[in-house]
Amino acid sequence: MTYFSRPQFSPAPRVARSVRHRLAMTALLLGSTTSLPALAASVATHGKPTVHPTATPVHHTAPVRMRRTSHHSTSPEDIQVVRSRTARFHSQAGTVNVMSGQELRELHVESPKEIAAFTPGVTAVNATSGSTPIFSIRGVGLDDYVGTNMGGIGIYLDGMFAPYPALYNGQMLDIENVIVEKGPQGFDMGRSTTGGSVNIESVKPSDKFGGYLDWGYSSYNTNTGKFAVNVPITKKIFNRTAFSYTKGDGWQHDLHTDKRYGAQDLLAIRNLTKFVIDDKSSLLLNIHYTRDRGTPMSPQDTDGDAVNGLADGTIGVGPNAYYNRVNVGSSRVGRKEDGGGVSVNYEHLFNFGVFSSSTGIDFYRRNTFDNYDGEAAQVADYHWDDTYIAQSHDMHLRTNIGKIFHLTVGIYESYDKIDGTYTSYRAFQFGVPQANLANHFSQQNLSTGVYVNTVTNITHNLDFIAAGRFSYDERGFHGGTRDVDGIFGGVPGANLSYLNTSHNYPRFTGRVGLRYQVVPGTYLYASISNGYKAGTYFAAPVSAPQALDYVKPENLIAYEVGVKSSLFKNRLSIEGSLFDYEYHNRQTLFVAEMPGNTTSLSLGPISRARTRGGELSSTLHNIVPNLDLRGSFAYLDAQAISAVNNIGGLPLLSNVTAHSALPFAPRFSWSAVARYGVDVNRYRVTLQASYTWKDNMLVALGDPNGKTNKISSMGLRMELSPKSSKWTAAVYVDNMLNKHGNTYSFTGSDNSRAQYLQTPRWVGVDLHYNF
């Protein structure tokens, strides 16, 4: 929806031309497919520009304000074009789900992983202690728990590509919105992906002083403090600083030591400075830092009888694991993680288009001890010790040509490197006090790409979309797993598996589609696109070189048709789609049998696989007075077409037959949120109820234990605020029914079952003050 404030007076002809020109270019910045003269004429005649977004996503989320200055007038004139978050993506020829920062706060979403509960077709789980989330969109994602691999989903923080899960940690603060785009991406910005992208946009600095303070207290003595302050330093320099700190005792406790696990101690800071160079150019400087000293979670593998203090031993998994009891014992568990970076975003408005450039670099240092096996004895505990560096640059030009042709052309480049030592402690398994396997490695990735995206207005209501991309990736790995103590009968310190290799891969990808406007606000679309994900390595300690070897790039062809409709002056919006994905060489996590009578997870390919499904989401705003409803539903049928019985000659623990289900693809999932507000004298009371449900799913192939439960969660929230919204006080409960489903499980190195259970009921209070 577009809002336009009319001038208080009739400007001089020269000023009017300037205003019309700048409005037209702003519409282009927002992705307009309306011809520029037509837009300007609309402004001049009606005072309301009609803006139709292109098929390309728009990543400029903040409202665009333009100030007209002229020596012909003594009064300033402000013209502001503001488009709602829904309208910006409503006409895009593809599925896009958007959550605002306010919705994130109301639903108590504190990390990127929690977005998945309210986004159809998206799953996210913690594969290890909590700092390695695995994302999947429509069954396409990252099938690796180690943290050294980028998945089929592109994660962007303020336009900067974050290739590894550790780089997301802590940066969900002061968020403007989160945009989830589905299907192959990389045709209008960033890196090529097979499954989609998640764009996390923070609130940008403005020329008004203001901000907010937040304080929250919740279960397990968890305190959360947040603030953001926006300060205009000069008329052309604006600064916004955001801060978040969470500290809690932890909701798991050990059977034997009564120590707590799952504790939080997370600090994050971000400072944004905007420099308005002139009326056509601006620069945004982003500096951010994260520090995590929390205590990692542990799998809950003890028997339910231990609730009464009767532990059934320290080895193996009981049949009735209890949600808050763990069996860590004297094993070392702890986290010391620090990360930060800087980025610069530059924009310049030309007469013919908009040029954007984003460049940045991030560093992260991780030193984490993880009770990965869920047992007090050292069967497969992990020490993750690594250093990340990730640099990327993207620049592109958006322009309209000849009134009917709309073009985006750009270039992308990134480089990332990980140096690490991953150690698996296996003293109990091999009967040697210091039996360790350690993978010392260095991994480097270089990616470049050139992309073109076009939208051609064939008729007034019909658009043809065509896009192409050339990508080139180089991936190198140097290192391998050492038999630290000679437990496999060799010389202590000898290499069990070793690689010193690099691979490069050029690839063309593309997209074609049609978009038809049935009536204003209602669109039909169809598209065919293909994407690819670069090849990868598996960096966990493994005793067989085949498990460490290179996995070739993943390719995907996506077919999608859909409809989007906004009715009753945007009070009702509906979005639905059907899709069919064909995979070639799908990169997937398997459980294989290793030398030494052990098993291990590793990455391997499925030569052919297929995912079909559909999604439906809807929002009803104030059709019933004071009531807002949101709901979504997703169906997935994801299958391996080709059978798999080994990885590089290593037999799987359980063979994968044709038509086996693919991991991270729950067949059904849905969510619903209802908010109702009522005025009581000078105050407003708002009641909210939410419910999410996801079907069970596989988390690894060839693993009889790698399957989750059906996961559901109900939340309630009540808010009190004055009608001015100056402050808000809220109480909430998450997982009100106290469900304890298995969210991630696998077969450990001793062939026992390890599992993570759902976070228990969580009750809290939030106080929010705007200034």
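**Overall build, an open sheet, the largest cavity and Thr598**

Of the 771 residues in the chain, 58% come out as buried. The model behind these numbers is a predicted one. On the secondary structure side, the tally for the chain is 5 helices and 40 strands. Contacts in the chain tend to reach a long way along the sequence: taking pairs of residues at least 6 apart, 67% of the contacts link residues at least 24 apart. As for the outside, about 29,600 Å² of the chain is exposed, and 58% of that area is down to carbon and sulfur atoms.

One piece of the strand inventory is an open sheet built from 3 strands, which run in the order β5-β6-β7 with antiparallel pairing. Its edges are β5 (122–126) and β7 (140–141), each of which has a pairing partner on one side only. Between β5 and β6 (residues 133–137), the antiparallel pairing extends over 5 bridges. Val122 sits across from Ile137 of β6.

Next come the internal voids. Searching the whole structure turns up 15 cavities of 30 Å³ or more. The largest cavity holds about 180 Å³ of space. It is lined by 16 residues, and those closest to its centre are Leu157, Met160, His288, Ser343 and Asp362. Several strands chip in: β9 (160–161), β18 (281–292), β21 (353–370) and β22 (381–401) each put at least two residues into the lining of the largest cavity. The top contributor to that lining is β21, with 3 residues. Sorted by class, the lining of the largest cavity is a mix of 7 nonpolar, 6 polar and 3 charged residues.

Finally, a look at a single position, Thr598. This residue belongs to strand β30, which covers residues 598–621. Thr598 counts as buried because its relative accessibility is 4%, and the cut-off for that label is under 20%. What surrounds Thr598, leaving aside residues up to four places away in sequence? Its contacts there are Arg426, Gln429, Phe430, Ser543, Ala592, Glu593 and Ser749. Gln429, one of these partners, lies 169 residues from Thr598 along the chain, yet the C-alpha atoms of the two are separated by 9.0 Å.

Notes: Residues are numbered from 1 along each chain as its sequence is written. This is a predicted model: local features need pLDDT of at least 70, side-chain atom pairs count only at pLDDT 80 or more; totals for chains, interfaces and linings use all residues. Side-chain values use heavy atoms; hydrogens and water are left out. Two strands pair if DSSP finds at least two bridges between them. Helices (H or I, at least four residues) and strands (E, at least two) are DSSP runs, numbered from the N terminus. On a 1 Å grid over the protein atoms alone, a cavity is a set of points where a 1.4 Å probe fits but cannot get out, and a pocket is an open set with protein on both sides within 12 Å along at least five of seven lines; lining residues have an atom within 4 Å of a point. Grid points are joined across faces, edges and corners, and a volume is the space filled by probe spheres set on the points. Ala, Val, Leu, Ile, Met, Phe, Trp, Tyr, Cys and Pro count as nonpolar, Asp, Glu, Lys and Arg as charged, and the others, Gly among them, as polar. Buried means under 20% relative accessible area, exposed over 50%, partly exposed in between (1.4 Å probe, protein chains only). Contact means heavy atoms within 4.5 Å. Accessible areas come from the Shrake-Rupley method with a 1.4 Å probe; for residues, only the protein chains shown count as cover.
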